[in-house]
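Morning, everyone. I have one structure to show you today. Please put it up on the screen.

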Amino acid sequence: MRDTIEKAPVSRAVVHRYVPGTDVADAVGAAAELRATNRMVTIDYLGEDTLDAGQAAHTVDTYVGLLRALADKELSQFGAAEVSVKLSAVGQALPNDGEKIALDNARRICEAAKEADTTVTLDMEDHTTTDSTLSILAELRQDFPDTGAVLQSYLHRTEQDCRDLATAGSRVRLCKGAYKEPASVAYQDSEDVDLSYVRCLKILMAGEGYPMIASHDPRLIDIARALASRHGREPDSYEFQMLYGIRTDEQTRIADRGHQMRVYVPFGEEWYGYLMRRMAERPANLQFFLRSLVTK
Ligand code: FDA
């Protein structure tokens, strides 16, 4: 890992715990280790909100190189290691043609993923981007039907989005949501966010799509397991997901019990923003990271 991490005013141990490195080789190495313990992987090249078309192109090239490296190491086959993409990192926020540029760039990443026999999931950012992201998803799914979406249970709109996406072949990652959002669009109380998560889970589990339960919350994981069983879902018809470095022991326990577990691995130079943003955006996330320093 480059010396940017050595010089950072953040403990190296903290950074390394959540971000395995800055380079494609670091991400591929982390993916190989996770695969060795039967966990699947989704890799995010860190960076977002770019207003520079050159930077967006660099991000696309990095994803294409990453996908080739994963295929070369036989890690990506059958979707075992896929990628997560923030559309704002590939041009969505650019003035004028941002949405079209992001769609074209995302399409290149989807093509590389298809060649590597794997998939792409579009991360969800703040609520001002939700409509644009879902419309790009719909376009991509015409050519790459297994492109995944992320829905955030803190948004009032998400139950309806779940209904719309709980269809055959549709991969939906359900998370609570990590951005600071106004009360006009999002539940502010964590209990309301959790209740919404359960309502959304019920819709996704009853539907025909492929739910991806992205949470470290033991109560929600138990509820997801119960709903999967109630709906007679086979273990390969849904999966659990957690972030790299968080509840690592629980990740392996879930995988060892015969469930599919995928770990979200962020890498890249932009790691500082990833950590700081998570800690700053919601008090719950600060507790979340601090707690993970003392528990596994
Ligand atoms: P939360 O942080 O509320 O924690 C709930 C409970 O989990 C705790 O009360 C505790 O019981 C348990 N817990 C948590 N950490 C623990 C620890 N270290 N040790 C023991 N117990 C612990 N967000 C977004 O807006 N857009 C996105 O695209 C994504 N993508 C994404 C992918 C994946 C794979 C994940 C896991 C998450 C995201 N997120 C996201 C982030 C998500 O929205 C959310 O901010 C975090 O996952 C934290 O929420 P939790 O559901 O884990 O619960």
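I will start with the whole chain and then move to the helices around helix 5.

First, a caution: this is a predicted model. The protein chain has twelve helices and eight strands. It counts 296 residues, and 42% of them are buried. Now take the contacts between residues at least 6 apart in sequence. Of these, 70% join residues at least 24 apart.

Next, the strands. How do the eight strands run? They form a closed barrel in the order 1-2-3-4-5-6-7-8, with parallel pairing. From one strand to the next, the twist averages 30°.

Let's zoom in on one pair. Strand 2 covers residues 81–85, and strand 3 covers residues 120–122. The two run parallel, joined by three bridges. One residue to find on screen is Val85, whose bridge partner in strand 3 is Leu122.

Now, what lies across strand 2 and strand 3? Helix 5 does, running at about 175° to strand 2. For another example, go to helix 10, residues 248–256. Helix 10 lies across strand 7 (239–243) and strand 8 (261–267). To strand 8, helix 10 runs at about 145°.

Back to helix 5, residues 98–115, and its packing with helix 4, residues 53–72. The angle there is about 10°, and the axes are 8 Å apart. An angle under 35 degrees counts as roughly parallel, so helix 4 and helix 5 are roughly parallel to each other. Their crossing is right-handed.

Which residues meet? From helix 4 we have Ala53, Ala56, Val60, Tyr63, Val64 and Leu67. They meet Ile101, Asn105, Arg108, Ile109, Ala112 and Ala113 in helix 5. Sorted by class, this contact has ten nonpolar residues, one polar and one charged.

Helix 5 also packs with helix 6, residues 130–143. Here the angle is about 45°, with the axes 10 Å apart. Helix 5 and helix 6 are therefore oblique to each other. Helix 5 passes helix 6 in a right-handed crossing.

On the helix 5 side, look for Glu99, Ala102, Leu103, Ala106, Arg107 and Cys110. In helix 6, their counterparts are Ser132, Ile136, Glu139 and Leu140. That contact has six nonpolar residues, one polar and three charged.

To recap: a closed barrel of eight strands, with helix 5 across strand 2 and strand 3. Helix 5 is roughly parallel to helix 4 and oblique to helix 6. Thanks, everyone.

Note on methods:
Residues are numbered from 1 along each chain as its sequence is written. This is a predicted model: local features need pLDDT of at least 70, side-chain atom pairs count only at pLDDT 80 or more; totals for chains, interfaces and linings use all residues. Axes are lines fitted to C-alpha atoms, for helices over the stretch in contact, and angles run from 0 to 180 degrees between N-to-C directions. Helices (H or I, at least four residues) and strands (E, at least two) are DSSP runs, numbered from the N terminus. Angles under 35 degrees count as roughly parallel, over 145 as roughly antiparallel, 65 to 115 as roughly perpendicular and the rest as oblique. A crossing is left-handed if the near helix is turned anticlockwise from the far one by less than a right angle, and right-handed if clockwise. Two residues are in contact if their C-beta atoms, placed from the backbone, lie within 7 Å. Ala, Val, Leu, Ile, Met, Phe, Trp, Tyr, Cys and Pro count as nonpolar, Asp, Glu, Lys and Arg as charged, and the others, Gly among them, as polar. A residue is buried if 20 or more other C-beta atoms lie within 10 Å of its own, exposed if 12 or fewer, and partly exposed in between; C-beta atoms are placed from the backbone. Two strands pair if DSSP finds at least two bridges between them.
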